[in-house]
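The following questions and answers examine the fold, the surface and the aromatic residues of one protein.

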Amino acid sequence: MASPGTLSGKNGKFVVDAALVARTTQWQVSQKLAQTSEWGDSDSAGYTNRLGGRKDATFTTEGKYETTDEVWDLFSIDDLVAAALWLDNVSATRLYWAFPSALCLDFGMTINIDTGEVEGWTSSFGSDGLFYYPGQAGAPAYTVPT
């Protein structure tokens, strides 16, 4: 039995341009300030003052190669895509990060000839403009395709 109020990653999904990305194993989001102002002045008593500037977010995804649903048919480097990273597509809250426009920054594959491990892929994206955290007001309404 799960602890009350926790989520398991088992309901996570990765959707690109309304297409479910097959065999996604994990994803990670990182929000950050793209720019900040830092200064000291006569009123800062020797301490640093800071003010946030532009907001930014990046995300990485990983999965296993699927011969009937190749990931590079959905995105490649330099592609602008709409993306949704689902925390939970089962509960009534339907939690996801929304990226109406994200730039694919890189794509890689791992092939292990020695062990014969299932082939994997990785990719990273940067938000192109607005992005929305789960439940944020004004976020686009996304659904998980079947």
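Accessible areas here come from the Shrake-Rupley method with a 1.4 Å probe. The model is predicted.

Q: What area does the protein expose, and what share of it do carbon and sulfur atoms supply?
A: The exposed area of the protein is about 9400 Å². Of this area, the share supplied by carbon and sulfur atoms is 51%.

Q: How many helices and how many strands are there in the protein?
A: From the N terminus on, the elements run β-β-β-β-β-β-β-β-β. The count is therefore zero helices and nine strands.

Q: Is the protein compact or spread out by the globule rule?
A: For 146 residues the globule rule gives 15 Å. The radius of gyration is 19 Å, well over that value, so the protein is more spread out than a compact globule.

Q: Which class, stacked or edge-to-face, fits the rings of Phe-59 and Phe-125?
A: The structure holds 14 aromatic pairs. In the pair of Phe-59 and Phe-125, the ring centres lie 4.8 Å apart and the planes meet at 10 degrees. Planes under 30 degrees apart count as stacked, so this pair is stacked.

Q: How many residues apart in the chain are Phe-59 and Phe-125?
A: Phe-59 belongs to strand 6 (residues 55–64) and Phe-125 to strand 9 (residues 120–127). The pair links distant parts of the chain, its members being 66 residues apart.

Q: Is Phe-125 buried or exposed?
A: The relative accessibility of Phe-125 is 1%. Buried means under 20% relative accessible area, so Phe-125 counts as buried.

Conventions: Residues are numbered from 1 along each chain as its sequence is written. This is a predicted model: local features need pLDDT of at least 70, side-chain atom pairs count only at pLDDT 80 or more; totals for chains, interfaces and linings use all residues. Side-chain values use heavy atoms; hydrogens and water are left out. Helices (H or I, at least four residues) and strands (E, at least two) are DSSP runs, numbered from the N terminus. The radius of gyration is taken over C-alpha atoms; the globule rule is 2.2 Å times the number of residues to the power 0.38. Rings of Phe, Tyr and Trp (its six-membered ring) pair if their centres lie within 6.5 Å; planes under 30 degrees apart count as stacked, over 60 as edge-to-face and the rest as tilted. Buried means under 20% relative accessible area, exposed over 50%, partly exposed in between (1.4 Å probe, protein chains only).
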